[in-house]
Amino acid sequence: MTPQAHPSKNTALGVLACLAALTTLATNIILPAFPDIGRTLAVSPQSLAVTLSAFFIPFALGQLVIGPVSDRRGRKGLMLSGLAVLAIGSMVCALATQLEWLIVGRAIQGLGACAPSVLARSIIRDLFEGVTLSRALSFVMVAMAAAPGFSPLVGGLLSHMAGWRSTFWLVAALTLLLGLLYSTRIGETHLPTARRDAFIAATFTSYVQLLGDRRFMAPAMGVGLAVGGLLAFFAATPAILMGGLGLTSIELGYFFAVTVLVVFGAGIMAPRLATRWSAPVVAMVGCTIALAGSIALLAGSAGLLHFSVSMSIFLFGIGLLNPLGTAMALQPFGARAGAASALLGFLQMGAASLAITAMAAAEGPANRLLGAVLVACMGVSLIFLLLPQNKVQAPATPV
């Protein structure tokens, strides 16, 4: 299936962008409501951090299953099933009267959210190729990067007006709406003739091949570490701006909303620059820019202006790197786009978990800790992107 054969590719891209952003929306929309949730459930806001782990663990592991299964069974049934599970989990959270039930609901949410996260990228790979693939991924990656920026603002305003439970009801409603739009506007994109076996042995072999293939691993690790740094930025910024500089939750939301516009601009520029200078070159430039912003944060002061400028530089670089690196990682593996997308998502979540854990375990000013983590992430990311990608180190069986 080609992009030209699809009857409504612009609408499809819009729906896929919303589906890809749904995961980060479900994750971050509740952060400003933690104090209210803590008061309602009679627990400390700090103890609510377990709800993040309850979401991310099934989300990360579920990706490794749903990607290759979609290569065998198709995308539509798994996408709709995942969205149904996400909606149910959101409703469980909205009705929770104890922390334990909130944790259960978040785990159900994470299990369901892995479907739109993985399959949105896989469906794009089904529909597009080459430069068009980079442009399509650019659009969707911008939406994914924008969601963490706008969702705290939406969550803060909604929680203030209608209570914290309304944030979960909103996620449930959006999930059901997007499921309807996906079913009617996109449907199945992985044709039966393109499907591959996804038994346990075949799945394991597929992952081993991808891990040994430099065409995948170089850009995937580059993007994975970059996204890990991006999620570390979102996790650490509330402590830096609210705890250190005294911003309110609403002001924090506005900060995220404004700075995320940088990602929009870079994401729009990325495919155009790649057409002129090639995706690998622009991806490495983006990584270098993000590294420069990270170094500036680590070496500078703790003021709001310096933090904002440093992070704007970082986000601009991420906006260039993310869509192009993702396209580079998925482009050679059309027949196993689900497995490749799943492993890419797992690497991203693994990098994010390591980055956030490192900041939590270390001592020192929050802005310096974030700067050190970002320098490490982007430095190693650049090393991977510099690796030549024309040599395949996988087993003899073609991927």
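## Exercises on an all-helix pattern

Where helix 11 and helix 14 pass each other, the crossing is left-handed. Keep in mind as you work that the model is predicted.

**Exercise 1.** Work out whether helix 11 and helix 14 run roughly parallel or roughly antiparallel.

*Solution.*
- Start by finding the two elements: helix 11 covers residues 279–299, and helix 14 covers residues 366–386.
- Next, take the geometry: the axes are 8 Å apart, and the packing angle is about 160°.
- Angles over 145 degrees count as roughly antiparallel.
- Helix 11 and helix 14 are therefore roughly antiparallel to each other.
- To finish the picture, add the left-handed crossing of helix 11 past helix 14.

**Exercise 2.** Do the same for helix 4 and helix 5: what is their packing angle, and how far apart are their axes?

*Solution.*
- Helix 4 spans residues 76–95, and helix 5 spans residues 99–127.
- Their axes lie 7 Å apart, at an angle of about 155°. That angle makes helix 4 roughly antiparallel to helix 5.
- For the handedness, helix 4 and helix 5 form a left-handed crossing.

**Exercise 3.** Sketch the chain as a whole: how many helices and strands are there, and what percentage of the residues is buried?

*Solution.*
- Count the elements: the protein chain has 14 helices and zero strands. Reading along the sequence gives α-α-α-α-α-α-α-α-α-α-α-α-α-α.
- Now the burial: of the 399 residues in the protein chain, 54% are buried.
- Then the surface: about 15,700 Å² is exposed, with carbon and sulfur atoms supplying 70% of it.
- Last, the contacts: take those between residues at least 6 apart in sequence, and 85% of them join residues at least 24 apart.

**Exercise 4.** Find how many disulfides the structure holds, then decide whether Cys 18 and Cys 93 are buried, partly exposed or exposed.

*Solution.*
- The disulfide count is zero.
- For Cys 18, the relative accessible area is 40%, so this residue is partly exposed.
- For Cys 93, the value is 0%, so this one is buried.

**Exercise 5.** Look at the backbone of Ala 42 and Ser 278: which sign does phi have in Ala 42, and which in Ser 278?

*Solution.*
- First, the background: a negative phi is what most residues other than glycine have.
- Ala 42 isn't a glycine, yet its phi is positive, at about 60°. Ser 278, also a residue other than glycine, has a positive phi near 85°.
- Now place them. Ala 42 sits in the loop between helix 2 (34–41) and helix 3 (50–73). Ser 278 sits in the loop between helix 10 (249–277) and helix 11.
- Then check the cover. Ala 42 has 69% relative accessibility, so it counts as exposed. Ser 278 comes out at 29%, so it counts as partly exposed.

**Exercise 6.** Explore the surroundings of Gln 63: which helix holds this residue, and which residues does it touch, leaving out those up to four places away in sequence?

*Solution.*
- Gln 63 belongs to helix 3.
- Its relative accessibility is 1%; buried means under 20%, so Gln 63 counts as buried.
- Leaving out residues up to four places away in sequence, the partners of Gln 63 include Cys 114, Ser 117, Val 118, Arg 121, Tyr 207 and Phe 346.
- Follow one of those partners, Val 118, which is placed in helix 5. Val 118 is buried too, with a relative accessible area of 0%.
- Val 118 and Ala 20 are 98 residues apart along the chain, while their C-alpha atoms are separated by 8.0 Å.

**Exercise 7.** Turn to Ser 310 and Gly 267: is Ser 310 buried or exposed, and how far is the C-alpha atom of Gly 267 from that of Ile 318?

*Solution.*
- Ser 310 lies in helix 12, residues 304–330. With 2% relative accessibility, Ser 310 counts as buried.
- Not counting residues up to four places away in sequence, Ser 310 touches Gly 293, Ala 296 and Leu 297.
- Gly 267 is part of helix 10, and at 3% relative accessibility Gly 267 counts as buried.
- The C-alpha separation between Gly 267 and Ile 318 is 8.7 Å, for residues 51 apart along the chain.

Note on methods
Residues numbered from 1 in each chain as written. Predicted model: local features only at pLDDT ≥ 70, side-chain atom pairs only at ≥ 80, totals over all residues. Heavy atoms only, no water. Helix = DSSP H or I, 4+ residues; strand = E, 2+ residues; numbered from the N terminus. Buried < 20%, exposed > 50% of the residue type's maximum accessible area, 1.4 Å probe, protein only. Contact = heavy atoms within 4.5 Å. Areas by Shrake-Rupley, 256 points an atom, 1.4 Å probe, with all protein chains shown as cover. Disulfide = S-S within 2.5 Å. Axes fitted to C-alpha atoms, helices over the stretch in contact; angles between N-to-C directions. Parallel < 35°, antiparallel > 145°, perpendicular 65-115°, else oblique. Left-handed = near helix turned anticlockwise from the far one by under 90°.
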